[in-house]
Amino acid sequence: MKIKVLLVALLSLSVVSCIKDHYGHPDDKDLVLTESNYFYSDDFKTTFYEIEVEKLNDEIKELDAIIDAGQGTEETQEKLDTAKANRLALSNELIEIAGLREAVYRRRPPLPGPCPKNGNCDWPGIQYIAIPTGLEFYELVIFDANGGFLGSTQGSPESVGRAGNLLDYVVFLYEGEGYQGEITVQIKEKAISDNEITIFVVNSDIGGQ
């Protein structure tokens, strides 16, 4: 089985908690999604892709400048074409992810905290990771600055039910209560229709405000 590593991003995550609406699973009384007890997996992917697009924008500007100055080579043009193609592919992915997110939350589960955007990440309060349907495998693991285990998802994806077959979830258990400092978040996912495992790795930070 192939393993595909997409990217590594650096983010700063801080702890914020706010409980409002509840969205219960019709068949599981233990599953209650609130605005502060779960994150939506594609919000991580969106941030990662946006960071990668910015990197590609910078690369394209540099390559364009080289070519405009008459110093470009065939290799320079190939790099430019590849960067533009990658940017287009990621931009299309972002549009698709945004459309799916809108469809999911039109079903009225409470919106999750904007993690990792805006630094609003209360890892100690997280009980679930919500994911789009169609994933056969999803794993999120958090490590501290020394590589020590802080928390991870448990089990296989399960349906959220009333989200109209658009949303699944995996249970998340955090064991690093009281920890503040650098963390590494490792995410692995495999779609039912895909033979590859996609890996995201984010080096970030967790701490009080």
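These questions and answers walk through a predicted model of one protein chain.

Me: In what order do the elements of the protein chain run from the N terminus on?
Reply: The chain has two helices and ten strands. The helices sit between two runs of strands. From the N terminus on, the order is β-β-β-β-α-α-β-β-β-β-β-β.

Me: Among contacts between residues at least 6 apart in sequence, what share joins residues at least 24 apart?
Reply: The chain holds 209 residues, and buried residues make up 42% of them. For contacts between residues at least 6 apart, the share that joins residues at least 24 apart is 71%.

Me: What does H1 reach from its first C-alpha to its last?
Reply: H1 covers 41–68, and has 28 residues. At 1.5 Å a residue, 40 Å is expected. Just after H1, glycine 70 takes a positive phi of about 75 degrees. The reach of H1 itself is close to the expected value, at 41 Å.

Me: Which element supplies the largest share of the largest nonpolar core?
Reply: This core has 33 residues, and Trp123, Ile129 and Leu140 touch the most other members. Helices H1 and H2 each supply at least two residues, as do strands E5, E6, E8, E9 and E10. The largest share is seven residues, and it comes from H1.

Me: Which residues are in contact with leucine 140, leaving aside its neighbours within four places in sequence?
Reply: Leu140 is one of the three core residues that touch the most other members. The other two, Trp123 and Ile129, are also among its contacts. The full set is Trp123, Ile129, Gly151, Ser152, Thr153, Phe172, Val185, Gln186 and Ile187.

Me: How many residues are in the second, separate core?
Reply: The largest core has 33 residues. The second is separate from it, and includes Leu33, Ala130, Leu167 and Tyr169. Its residues number eleven.

Me: Which element gives the most to the lining of the largest pocket?
Reply: The pocket holds about 480 Å³ of space. Its lining has 20 residues, with Lys45, Glu93, Leu135, Glu189 and Ala191 nearest the centre. Strands E1, E9 and E10 and helices H1 and H2 each give two or more residues. With four residues, the element that gives the most is H2.

Me: How many residues of the lining of the largest pocket are charged?
Reply: Two of the residues nearest the pocket centre are Lys45 and Glu189, and Lys and Glu count as charged. Across the lining, eight residues are nonpolar and three polar. The charged residues number nine.

Me: Which element supplies the largest share of the lining of the largest cavity?
Reply: The structure holds one cavity of 30 Å³ or more, with about 40 Å³ of space in it. Its lining is Ser41, Asp42, Phe44, Lys45, Phe48, Tyr138, Ile187, Glu189 and Phe200. By class, five are nonpolar, one polar and three charged. H1 and E9 each give two or more residues, and the largest share, five residues, comes from H1.

Me: Why does glutamate 78 count as partly exposed?
Reply: Glutamate 78 is found in helix H2. Buried means under 20% relative accessible area, and exposed means over 50%. Glutamate 78 falls in between, so it counts as partly exposed, with a relative accessibility of 45%.

Me: What is the C-alpha to C-alpha separation in space of glutamate 78 and leucine 63?
Reply: Glutamate 78 is in H2. Along the sequence, leucine 63 and glutamate 78 are 15 residues apart. In space, C-alpha to C-alpha, they are apart by 10.0 Å.

How values were computed:
Residues are numbered from 1 along each chain as its sequence is written. This is a predicted model: local features need pLDDT of at least 70, side-chain atom pairs count only at pLDDT 80 or more; totals for chains, interfaces and linings use all residues. Side-chain values use heavy atoms; hydrogens and water are left out. On a 1 Å grid over the protein atoms alone, a cavity is a set of points where a 1.4 Å probe fits but cannot get out, and a pocket is an open set with protein on both sides within 12 Å along at least five of seven lines; lining residues have an atom within 4 Å of a point. Grid points are joined across faces, edges and corners, and a volume is the space filled by probe spheres set on the points. The expected span of a helix is 1.5 Å times one less than its number of residues. A nonpolar core is a set of buried Ala, Val, Leu, Ile, Met, Phe, Trp, Tyr and Cys residues joined through side-chain atoms within 4.5 Å. Buried means under 20% relative accessible area, exposed over 50%, partly exposed in between (1.4 Å probe, protein chains only). Contact means heavy atoms within 4.5 Å.
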